[in-house]
Amino acid sequence: MDAMSRIKVKERKQANWEEPLIYDYHTPGKRGMDFPSLDAEFVQSLEKALASLPGSLKREQPPQLPEVSEIDVIRHYTRLSQMNYGVDSGIYPLGSCTMKHNPKLNEEIASLPEATDIHPYQEQETVQGALRIMYELEHWLEELSGMDAVTLHPSAGAHGEFVGVLIIRAYHAKKGELDQRTEMIVPDSAHGTNPASAAMAGFEVIEIPSGEDGCVDLDALKASLSERTAGLMLTNPNTLGLFEKDIKEIAQMVHEVGGLLYYDGANLNPLLGRIRPGDMGFDVCHFNLHKSFSTPHGGGGPGAGPVGVKKHLEPFLPVPRVKKDGDRYCLDDDYPDSIGKVRGFHASFAIALRAHAYIYRMGLEGLKRSSELAVLNANYLFHHVKNIKGFEVLHAPDRKRWHEFVVSARPMLKETGVSALDISKRLQDFGMHPPTIYFPLIVPEALMIEPTETESKQELDFFIAALKKISEEAYSGKAEMLHHVPHNTSRHLVDEVAAARKPVLSRRMVSDQ
Ligand SMILES: *Cc1c(COP(=O)(O)O)cnc(C)c1O
């Protein structure tokens, strides 16, 4: 018996409170804190200001907020958190998402009053520290990506893509070639945001197939390149966790027809401190600070998707830019070719601050070590998971992976009726978050697994043992049970379509139900 098969996975039960809304704890007069009484002069000036507000902006009634005590609030949200799952609860191997441990130190730094009590309308002289942090972070990101200039403006990865593609557009427009360059090439393995960003910026999306080895098919690329090409959007390592080994040639081919190369840097985690998109020939890239740089993410925000560009694209970056003039930091709007403003103010500042603290604490060596561990963890899992009964690997099964890998549960579905969805739901019974499933679209019954550097060998072994157990269950006649999991979570099989199509997001929507 090998060491691995001695590992016993245990089912873990999630708390299950029938927790009402915070409004249901409302008792008139209850308070969580005391406010000092206002002085009469201030009240008077406030009333005067309110009287001058246009009627259309005034509420007829004060907002109906719950009146609750501190203990009501703490217990309510603690119970909800016990019914939830996050990166602080256990492994979160969501491929393409880099769900890693975010050091609590960086949370503390982002909550310091020096960071939270400043306002973007303050005089620049009074926020020199904040400007310095943005300036330094931009330069560190330049260093890490091999780009010449970075903007912190975009608020998410997809927003960064959109800004990057607008920059590509502005570049072709400046050369007088925009009418001609209407096509953006995107591989079929790309994250869905890539074609969406290109289409939103007005380009026609040309999808090219991946080769059998899971990488860009050079012949297909060649056939799609022309004087109409505006650019190519690429993720490297790609969503299969494979490094596009022909990247130099790809870059040359795109540049030869006058196109630009966009690097989707959401998957930068396995390259940090080792390989730079700028050196691979990319002209523009984005970073997901809320994946690789210490901001927890999920649920749609908050995020930050800075964009880096090579020198020839710098004039098109959004404004204002942070500049250094002697010892003084300032904001500069004077870029006539800029694509303009892409958000209110300058950056998701607290997220920039976490990234700054993270890079400062890790140093280049630390980042390099973390990316090496992320790759080692992914390959350790890949080696074990691909050999579990019921799984197969459709692309380059013997090639080394980077940050993630994709296995297909197609054999298990065919032989036992147990699907990738069933497997992922069953994992929740063992206290593990499921991997990404049914993505990328080029792999049927896909499970896309990214352990990150966070997990110890012991945790990885538990994860492997859980998948083995599920496979054993599937092949020993327990398929029916596996269609009705999870058993141990606070909510069982939820109707995901209804949750997405008819979300219930407010107290009013609850009472209207
Ligand atoms: C997460 C991700 C994105 C999009 O980032 P968001 O911040 O979610 O908009 C884009 N591309 C890849 C490869 C990603 O993994």
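The following exchange concerns the largest pocket and the ligand surroundings in a predicted model.

Colleague: What makes Q14 and M83 part of the lining of the largest pocket?

Modeller: Lining residues have an atom within 4 Å of a pocket point. The largest pocket has 26 such residues, and Q14 and M83 are among the closest to its centre, together with N84, T489 and S490. The space in this pocket is about 680 Å³. Two elements, α2 (70-82) and α14 (420-429), each give two or more residues to the lining.

Colleague: How is the lining of the largest pocket divided by residue class?

Modeller: The lining holds 9 nonpolar, 11 polar and 6 charged residues.

Colleague: Why is the pair formed by G157 and the ligand called a polar contact?

Modeller: A polar contact requires N or O atoms within 3.5 Å. A backbone N or O atom of G157 lies 2.7 Å from a ligand oxygen atom, so the pair qualifies.

Colleague: What makes the pairs of D264 and N288 with the ligand polar contacts as well?

Modeller: For D264, a side-chain N or O atom is 2.5 Å from a nitrogen atom of the ligand. For N288, a polar side-chain atom lies 3.1 Å from a ligand oxygen atom. Both pairs therefore meet the limit of 3.5 Å. Taken alone, the ligand exposes 380 Å², of which the protein buries 86%.

Colleague: Which residues and elements surround the ligand?

Modeller: The ligand is surrounded by 13 residues, the closest being S96, G157, D264, H290 and K291. At least two residues of the shell come from each of α6 (157-174) and α11 (289-292), and α6 gives the largest share, 3 residues. By class, the shell comprises 3 nonpolar, 7 polar and 3 charged residues.

Conventions
Residues are numbered from 1 along each chain as its sequence is written. This is a predicted model: local features need pLDDT of at least 70, side-chain atom pairs count only at pLDDT 80 or more; totals for chains, interfaces and linings use all residues. Side-chain values use heavy atoms; hydrogens and water are left out. On a 1 Å grid over the protein atoms alone, a cavity is a set of points where a 1.4 Å probe fits but cannot get out, and a pocket is an open set with protein on both sides within 12 Å along at least five of seven lines; lining residues have an atom within 4 Å of a point. Grid points are joined across faces, edges and corners, and a volume is the space filled by probe spheres set on the points. Helices (H or I, at least four residues) and strands (E, at least two) are DSSP runs, numbered from the N terminus. Ala, Val, Leu, Ile, Met, Phe, Trp, Tyr, Cys and Pro count as nonpolar, Asp, Glu, Lys and Arg as charged, and the others, Gly among them, as polar. A residue is near a molecule or strand if one of its heavy atoms lies within 4 Å of it. A polar contact is a pair of N or O atoms within 3.5 Å; within protein, one must be able to donate a hydrogen and the other to accept it, and residues adjacent in sequence count only if both atoms are side-chain atoms. Accessible areas come from the Shrake-Rupley method with a 1.4 Å probe; for residues, only the protein chains shown count as cover.
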